[in-house]
Amino acid sequence: MQKNFRPSPNSFKNTFCIFNEVLIDEINGLKIQFESKAGSAYYYTEEGMYRQSNHWGRLANSKWRLIALDPETDFKYKIGFAKWTSFFPDNNEDRLYYIEADLLNNTVTYQHKNNPAYDNKAILRTTFETTKRIKQIRNLQQLTSWAKYFDYDDIQELRTQIINELIFTQKTLEDIKREI
C-alpha cells in the first residue's frame with residue numbers, strides 16, 4: 001500500500017520545473033492526492049511528483065514544462081515526473097533564465113539558472129527579457145525575409161552567428177545586425 005506523502009500546499013507556487021514524460025505503468029498503484037479544477041491529477045511520492053495533464057507550460061503562477069518521450073506518445077493526457085529537487089524558484093524580477101538553442105533542429109527554449117547543466121556562459125535574463133529574445137530567435141530560425149539585407153554565402157551560418165550573439169551577449173538584435 002502507498003504511504004501518503006504530502007508536500008506543503010505552497011511548495012509549488014512560483015516555481016519552474018521540467019517534468020519528463022513517463023508511461024502510465026509508472027503511476028499504477030498510486031493514489032491521486034490532488035486534482036485541479038482544470039482536470040490535472042497529482043501523485044506525490046517521497047522522490048517527487050507525477051502529474052497527469054493535458055496542458056503544460058505556464059500554470060497559474062508557475063512554469064512547468066514536459067519533455068516528451070521519443071518517439072512521442074499520442075495520448076491527450078501526458079504523465080510527467082519530476083524530482084522534488086527539480087523545482088526551482090520563479091519570479092518576474094530576477095535574472096533566473098538562460099536560453100538554449102538547438103541549431104540543428106531549429107528549436108529554442110529556456111532553462112533555469114539552478115539547472116545543474118548551466119555552465120555560466122549564456123546570459124541570465126528576467127522572464128520578460130527571455131521571452132523577447134526567444135521570439136527573436138524563433139523569427140530568425142523560421143523566416144528568411146530578414147536575411148535579404150545581408151551579404152552572406154550561407155544563411156545557416158548567419159543565423160548561427162546572430163543567435164549565438166543573442167544568447168551569449170547583452171547586445172540588442174539591432175546592434176548585432178548593425179555589426180555584421
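In this predicted model, the lining of the second largest pocket is divided among five nonpolar, five polar and five charged residues. That pocket belongs to a protein chain with three helices and 10 strands, which run along the sequence in the pattern β-β-β-β-β-β-β-β-β-β-α-α-α. The points below begin with the pocket and the chain as a whole, then turn to the nonpolar cores, to three buried residues, and finally to some backbone details.

**The second largest pocket**

- The volume of the second largest pocket is about 250 Å³, and of the 15 residues that line this pocket, Arg 58, Tyr 110, Thr 131, Ile 134 and Arg 138 are the closest to its centre.
- At least two lining residues of the second largest pocket come from each of strand S5 (57-59), strand S6 (62-67), strand S10 (107-112) and helix H1 (127-142).
- Helix H1 gives the most to this lining, with six residues.

**The chain as a whole**

- Measured out along the principal axes, the C-alpha atoms of the protein chain fill a box of roughly 65 × 35 × 30 Å.
- The protein chain has 180 residues, of which 39% count as buried.
- When contacts between residues at least 6 apart in sequence are considered, 65% of them join residues that are at least 24 apart.

**Nonpolar cores**

- The largest nonpolar core consists of 18 residues, and within this core the residues with the most contacts are Ile 137, Leu 140, Trp 146, Ile 162 and Leu 166.
- Strand S9 (97-102), H1, helix H2 (155-168) and helix H3 (173-179) each contribute at least two residues to this core, and the largest share, five residues, is the one that comes from H2.
- Another core lies apart from the largest one and has 11 residues, including Tyr 42, Leu 59, Leu 66 and Phe 87.
- Leu 166, one of the residues with the most contacts inside the largest core, touches Arg 125, Arg 133, Gln 136, Ile 137, Leu 140, Lys 171, Leu 173 and Ile 176 when residues up to four places away in sequence are not counted.

**Thr 169, between two helices**

- Thr 169 is found in the loop between H2 and H3, and its relative accessibility of 18% is why this residue counts as buried, the cut-off being under 20%.
- A polar atom of the Thr 169 side chain lies 2.5 Å from the backbone oxygen of Glu 165.
- With neighbours within four places in sequence left aside, Thr 169 is in contact with Ile 123, Arg 125, Arg 133 and Asn 164.

**Ile 79, in a strand**

- Ile 79 lies in strand S7, which covers residues 78-83, and Ile 79 is buried, with a relative accessible area of 4%.
- Although Ile 79 and Glu 26 are 53 residues apart along the chain, their C-alpha atoms are separated by 8.8 Å.
- Not counting residues up to four places away in sequence, Ile 79 touches Asn 20, Glu 21, Val 22, Leu 23, Ile 24, Ile 27, Tyr 50, Arg 51, Gln 52 and Leu 66, and Leu 66 is itself among the members of the 11-residue core.

**Asp 90, a buried charged residue**

- Asp 90 lies in the loop between strand S8 (88-89) and S9, where this residue is buried, with a relative accessible area of 10%.
- The side chain of Asp 90 makes a polar contact of 2.7 Å with the side chain of Lys 63.
- Lys 63 also appears among the residues that Asp 90 touches beyond four places in sequence, together with Asn 14, Thr 15, Phe 16, Asn 61, Leu 96, Tyr 97 and Thr 127.

**Backbone details**

- The peptide bond from Asp 70 to Pro 71 is cis, with omega near 5 degrees, and Pro 71 lies in the loop between S6 and S7.
- Asn 14 is not a glycine, yet has a positive phi of about 55 degrees; this residue is placed in the segment before strand S1 (15-22) and counts as partly exposed, at 39% relative accessibility.
- Asn 106, which is not a glycine either, has a positive phi of about 55 degrees; Asn 106 is placed in the loop between S9 and S10 and is partly exposed, with a relative accessible area of 35%.

Definitions and conventions
Residues are numbered from 1 along each chain as its sequence is written. This is a predicted model: local features need pLDDT of at least 70, side-chain atom pairs count only at pLDDT 80 or more; totals for chains, interfaces and linings use all residues. Side-chain values use heavy atoms; hydrogens and water are left out. On a 1 Å grid over the protein atoms alone, a cavity is a set of points where a 1.4 Å probe fits but cannot get out, and a pocket is an open set with protein on both sides within 12 Å along at least five of seven lines; lining residues have an atom within 4 Å of a point. Grid points are joined across faces, edges and corners, and a volume is the space filled by probe spheres set on the points. Helices (H or I, at least four residues) and strands (E, at least two) are DSSP runs, numbered from the N terminus. Ala, Val, Leu, Ile, Met, Phe, Trp, Tyr, Cys and Pro count as nonpolar, Asp, Glu, Lys and Arg as charged, and the others, Gly among them, as polar. A nonpolar core is a set of buried Ala, Val, Leu, Ile, Met, Phe, Trp, Tyr and Cys residues joined through side-chain atoms within 4.5 Å. Buried means under 20% relative accessible area, exposed over 50%, partly exposed in between (1.4 Å probe, protein chains only). Contact means heavy atoms within 4.5 Å. A polar contact is a pair of N or O atoms within 3.5 Å; within protein, one must be able to donate a hydrogen and the other to accept it, and residues adjacent in sequence count only if both atoms are side-chain atoms.
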